[in-house]
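Trainee: I have a new structure open and don't know where to begin. Can we go through it together?

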Amino acid sequence: MREFTRSNAIQARLHELVPGGAHTYARGSDQYPERMTPILVRGSGSHVWDSDGNEYVEYGMGLRSVTLGHGYAPVVEAVSRAIADGVNFSRPTELELAAAEDFLTLVPGADMVKFAKNGSDATTAAVRLARAATGRETVAICEQPFFSVDDWFIGTTAMNAGIPERERTARFPYNDLEALAAVLDSRQVACVVMEAATALSEPDPGYLAGVRALCDRFGTLLVFDEMITGFRWSVGGAQRVYGIVPDLSCWGKAMGNGFPISALAGKREFMELGGLRTERDRVFLLSTTHGPETGSLAAFRAVVRAYARTDPVARMEYAGRRLAEGVNKIAAELGIGDHLQVTGRPSCLIFITRDPDGHPSQPYRTLFLQELLERGILGQSFVTSAAHTDSDIDRTVEACREAAEIYCRALHSGTVDGLLRGRPVAPALRRRAAPRYIDPEVRP
């Protein structure tokens with residue numbers, strides 16, 4: 001069995017100093033098997049190492065923010081050169097112009113772009129801009145996992161404590177034009193916010209064109225969230241893949257191969273409302289101290305060059321297809337293909353875990369995670385990067401074979417009892433946090 005003594009001690013100390021023990025809920029200790037919460041110290045390519053010296057093939061890759069691999073040399077070198085001449089200034093830099101020009105060549109439907117640091121910065125700026133442009137307040141959001149840490153979205157989740165206003169956001173299901181039409185017809189909607197596609201949901205033929213037409217019909221702005229799809233579906237995001245031009249689009253994650261950078265892009269008539277060349281009331285769009293810092297802009301430009309010279313998306317998809325085919329073949333051979341599945345877009349795979357009755361199961365998910373961790377595979381999903389090699393995939397498939405055999409035993413016995421060593425993982429966005437997710441027995 002792997003040793004996690006130092007990682008567990010550091011995690012316990014983090015709970016004393018950082019609410020939740022992590023700076024992102026998806027990175028929380030409740031998302032991993034109990035007492036198996038690696039605290040990482042470094043990464044290289046597709047591999048990471050923890051405080052106890054354990055090495056892993058990593059998936060998820062910085063919550064999908066790393067597509068070229070950890071420590072990708074051209075990005076690191078570009079950042080080093082840039083920050084050696086200063087990081088933050090009191091006036092714009094030439095680098096800001098170069099980065100904006102690079103970005104707008106990738107997203108031809110956008111006329112202007114503004115950089116920030118977090119995805120929520122961009123999505124909330126888009127909502128504010130849409131409200132100002134239309135004079136409306138309601139936001140229609142697709143029933144997809146996550147859009148922002150801000151009130152207009154978090155108020156619709158189970159973790160809505162501290163948010164007074166919850167009635168100005170409406171929801172609609174994906175791939176259902178009638179449902180969206182009903183929302184737009186019943187309320188004055190400022191904007192529709194959605195991912196054009198997700199790992200599990202591809203648009204039906206004509207669906208996105210129908211969304212675009214409905215927004216035009218009702219005078220509603222269309223906002224695409226490209227946080228995940230950007231640089232993973234294509235360098236120009238999902239809008240380039242599906243050929244639909246939104247009014248505004250929001251970007252982040254893989255833009256900087258892990259460096260903190262996001263962007264709001266869109267049509268000039270809307271973006272200029274946050275500028276100086278408008279006769280309308282101005283929108284406080286994005287005004288951030290660190291939005292234009294040189295390190296992240298240099299990282300972004302290096303990522304753009306890497307995508308121009310190589311084909312990271314094709315490499316991610318190749319690795320993902322091999323992984324999905326290998327694991328699903330094993331599950332089929334064991335007769336558990338309906339209970340353990342790897343599915344999704346090849347560059348953005350997830351694994352589905354079901355109990356003996358065929359229901360999605362957190363305990364069975366935890367068992368699978370536990371057995372993968374023991375075999376040196378780290379990830380809440382199977383999101384690949386261009387750095388994942390054939391040997392990484394082979395190693396992962398073999399680890400999945402052994403984990404699937406144990407999973408099969410649990411299915412046949414009807415329980416994970418005796419196989420699962422601790423409590424199950426839990427949804428990251430939930431109303432109550434049980435005390436058991438903080439182990440009082442583990443101390444530095």
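Mentor: We'll take the nonpolar cores, then a sheet; bear in mind that this is a predicted model.

Trainee: Ok, which residues touch the most other members of the largest nonpolar core?

Mentor: Ile336, Phe368, Leu372 and Phe382 do, in a core of 35 residues.

Trainee: And which helices and strands each supply at least two residues of this core?

Mentor: Helix 12 (312–333), helix 13 (362–374) and helix 14 (390–413) do, and so does strand 11 (340–343). Helix 14 gives the most, with 11 residues.

Trainee: What is Phe368 in contact with, leaving aside its neighbours within four places in sequence?

Mentor: Leu340, Phe351, Thr353, Phe382, Cys400, Ala403 and Tyr407.

Trainee: How many residues are in the second core?

Mentor: That separate core has 33 residues, among them Leu68, Val235, Met255 and Ala263.

Trainee: Switching to the sheet. What's the strand order?

Mentor: The order is 1-2-3-13, in an open sheet of four strands with mixed pairing.

Trainee: Which strands stand at the edges?

Mentor: Strand 1 (40–44) and strand 13 (377–378). Each has a single partner strand, so one side of each has no neighbour in the sheet.

Trainee: Do strand 3 and strand 13 pair in the parallel or antiparallel sense?

Mentor: Parallel, over two bridges, with strand 3 covering residues 55–58. Glu58 is opposite Leu378 of strand 13.

Trainee: Back to helix 14: which strands does it lie across?

Mentor: Helix 14 lies across strand 2 (47–50), strand 3 and strand 13. Its direction is at about 100 degrees to strand 3.

Key. Residues are numbered from 1 along each chain as its sequence is written. This is a predicted model: local features need pLDDT of at least 70, side-chain atom pairs count only at pLDDT 80 or more; totals for chains, interfaces and linings use all residues. Side-chain values use heavy atoms; hydrogens and water are left out. A nonpolar core is a set of buried Ala, Val, Leu, Ile, Met, Phe, Trp, Tyr and Cys residues joined through side-chain atoms within 4.5 Å. Buried means under 20% relative accessible area, exposed over 50%, partly exposed in between (1.4 Å probe, protein chains only). Contact means heavy atoms within 4.5 Å. Two strands pair if DSSP finds at least two bridges between them. Axes are lines fitted to C-alpha atoms, for helices over the stretch in contact, and angles run from 0 to 180 degrees between N-to-C directions.
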